[in-house]
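Colleague: I have a model open here and would like to talk it through with you. Could you put it up so that we are looking at the same thing?

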Amino acid sequence: MSSKNIDLNDDQQLALLNEWNNRPDDPPFIKELIELVFPDIPEDKRDGRSKYGRAVKKFLAEKSLKAKVSHKYYPEEKTELTEDQ
(Lines give C-alpha, C1' and ligand atoms only; values in the text may rest on other atoms or scores of the structure.)
Protein backbone atom coordinates (compact mmCIF):
# COMPACT_ATOMS: atom_id res chain seq x y z
CA MET A 1 0.00 0.00 0.00
CA SER A 2 1.42 3.36 -1.00
CA SER A 3 1.17 6.43 1.19
CA LYS A 4 -1.39 7.99 -1.16
CA ASN A 5 -3.84 5.08 -1.24
CA ILE A 6 -5.71 3.48 1.61
CA ASP A 7 -7.47 0.15 1.43
CA LEU A 8 -10.43 -0.57 3.68
CA ASN A 9 -10.19 -3.69 5.79
CA ASP A 10 -13.02 -6.22 6.03
CA ASP A 11 -14.42 -4.69 9.23
CA GLN A 12 -14.54 -1.22 7.66
CA GLN A 13 -16.23 -2.57 4.54
CA LEU A 14 -18.81 -4.39 6.64
CA ALA A 15 -19.46 -1.25 8.71
CA LEU A 16 -20.07 0.77 5.52
CA LEU A 17 -22.46 -1.81 4.11
CA ASN A 18 -24.35 -2.10 7.40
CA GLU A 19 -24.76 1.68 7.64
CA TRP A 20 -25.88 1.83 4.01
CA ASN A 21 -28.40 -1.02 4.43
CA ASN A 22 -29.81 0.44 7.66
CA ARG A 23 -30.79 3.62 5.79
CA PRO A 24 -32.47 2.45 2.57
CA ASP A 25 -34.58 5.60 2.20
CA ASP A 26 -31.91 8.08 3.30
CA PRO A 27 -28.41 7.23 2.01
CA PRO A 28 -25.66 8.66 4.22
CA PHE A 29 -23.43 11.54 3.24
CA ILE A 30 -19.85 10.67 2.31
CA LYS A 31 -18.59 12.57 5.37
CA GLU A 32 -20.71 10.38 7.67
CA LEU A 33 -19.23 7.24 6.13
CA ILE A 34 -15.68 8.54 6.46
CA GLU A 35 -16.30 9.35 10.14
CA LEU A 36 -17.73 5.86 10.63
CA VAL A 37 -14.68 3.96 9.40
CA PHE A 38 -11.97 6.51 10.26
CA PRO A 39 -13.10 7.99 13.61
CA ASP A 40 -9.61 9.14 14.64
CA ILE A 41 -8.69 11.28 11.65
CA PRO A 42 -8.71 15.09 11.93
CA GLU A 43 -11.86 16.98 10.93
CA ASP A 44 -10.19 18.54 7.88
CA LYS A 45 -9.44 15.08 6.45
CA ARG A 46 -13.11 13.98 6.55
CA ASP A 47 -13.71 15.01 2.98
CA GLY A 48 -14.48 13.04 -0.15
CA ARG A 49 -11.31 14.42 -1.76
CA SER A 50 -8.97 13.14 0.97
CA LYS A 51 -7.28 9.76 0.74
CA TYR A 52 -9.82 8.50 3.28
CA GLY A 53 -12.73 9.78 1.22
CA ARG A 54 -11.29 8.29 -1.95
CA ALA A 55 -10.99 4.90 -0.23
CA VAL A 56 -14.64 5.04 0.87
CA LYS A 57 -15.85 6.22 -2.56
CA LYS A 58 -13.82 3.51 -4.32
CA PHE A 59 -15.41 0.82 -2.17
CA LEU A 60 -18.90 2.21 -2.73
CA ALA A 61 -18.29 2.38 -6.48
CA GLU A 62 -17.28 -1.29 -6.48
CA LYS A 63 -20.70 -2.02 -4.97
CA SER A 64 -22.51 0.36 -7.38
CA LEU A 65 -23.47 2.65 -4.48
CA LYS A 66 -23.23 6.42 -4.40
CA ALA A 67 -23.26 8.42 -1.17
CA LYS A 68 -24.73 11.88 -0.83
CA VAL A 69 -22.34 14.78 -1.17
CA SER A 70 -22.64 18.12 0.57
CA HIS A 71 -22.28 20.31 -2.53
CA LYS A 72 -25.34 18.91 -4.33
CA TYR A 73 -28.91 20.10 -3.88
CA TYR A 74 -31.35 17.44 -2.69
CA PRO A 75 -34.95 18.62 -3.09
CA GLU A 76 -37.41 17.82 -0.34
CA GLU A 77 -40.93 16.65 -0.92
CA LYS A 78 -43.42 19.46 -1.38
CA THR A 79 -45.75 20.04 1.52
CA GLU A 80 -49.39 20.24 0.58
CA LEU A 81 -51.22 23.07 2.30
CA THR A 82 -54.79 22.74 3.45
CA GLU A 83 -57.38 25.39 2.64
CA ASP A 84 -57.13 26.73 6.22
CA GLN A 85 -53.39 27.29 5.89
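Modeller: Before we start, contact means heavy atoms within 4.5 Å, and please keep in mind that this is a predicted model.

Colleague: Fine. With that in mind, what share of the contacts with a separation of 6 or more comes from residues 24 or more positions apart?

Modeller: Residues 24 or more positions apart account for 51% of the contacts in the protein with a separation of 6 or more.

Colleague: And how many helices and strands are there?

Modeller: The protein has three helices and zero strands, which gives the pattern α-α-α when read along the sequence. Of its 85 residues, 28% are buried.

Colleague: Let's take a pair. How do H1 and H3 cross?

Modeller: Helix H1, residues 10-21, and helix H3, residues 51-62, have axes that come within 11 Å and cross at roughly 65°, which means that H1 is roughly perpendicular to H3. The crossing of these two helices is right-handed.

Colleague: Which residues meet there?

Modeller: From H1 there are Gln13, Leu16, Leu17 and Trp20, and they meet Val56, Phe59 and Leu60 from H3. By class, the residues of this contact comprise six nonpolar, one polar and no charged.

Colleague: At what angle do H1 and H2 pack?

Modeller: Their axes are 9 Å apart and the angle is about 140°, so H1 and H2 are oblique to each other. H1 passes H2 in a right-handed crossing. On the H1 side the contact is made by Gln12, Ala15, Leu16, Glu19 and Trp20, and on the H2 side by Leu33, Leu36 and Val37. The contact of H1 with H2 has six nonpolar, one polar and one charged residues.

Colleague: Gln12 caught my eye in that list. Is Gln12 buried or exposed?

Modeller: Gln12, which sits in helix H1, is buried, because its relative accessible area is 13% and the cut-off for buried is under 20%. Leaving aside neighbours within four places in sequence, Gln12 is in contact with Asp7, Val37 and Phe38.

Colleague: Back to H2, then. Which of its residues are buried?

Modeller: In helix H2, residues 30-37, the buried residues are Ile30, Leu33, Ile34 and Val37. They cover an arc of only 100° around the axis, and therefore lie on the same side of H2. As a general point, an α-helix has 3.6 residues a turn, so residues three or four places apart point the same way.

Colleague: What covers those buried residues of H2?

Modeller: The cover over the buried residues of H2 includes H1 and H3.

Colleague: Changing topic, what is Tyr52 in contact with, leaving aside its neighbours within four places in sequence?

Modeller: Tyr52, in helix H3, is in contact with Ile6, Ile34, Phe38, Ile41 and Lys45 once those neighbours are left aside. The C-alpha atoms of Tyr52 and Ile6 are separated by 6.7 Å, although the two residues are 46 residues apart along the chain. Tyr52 counts as buried because its relative accessibility is 16%.

Colleague: Last one, Ser64. Where is it found, and what is its phi?

Modeller: Ser64 is found in the segment after H3 and has a positive phi of about 60°, although this residue is not a glycine. With a relative accessible area of 69%, Ser64 is exposed.

Methods:
Residues numbered from 1 in each chain as written. Predicted model: local features only at pLDDT ≥ 70, side-chain atom pairs only at ≥ 80, totals over all residues. Heavy atoms only, no water. Axes fitted to C-alpha atoms, helices over the stretch in contact; angles between N-to-C directions. Helix = DSSP H or I, 4+ residues; strand = E, 2+ residues; numbered from the N terminus. Parallel < 35°, antiparallel > 145°, perpendicular 65-115°, else oblique. Left-handed = near helix turned anticlockwise from the far one by under 90°. Nonpolar A, V, L, I, M, F, W, Y, C, P; charged D, E, K, R; others polar. Buried < 20%, exposed > 50% of the residue type's maximum accessible area, 1.4 Å probe, protein only. Arc of directions from axis to C-beta.
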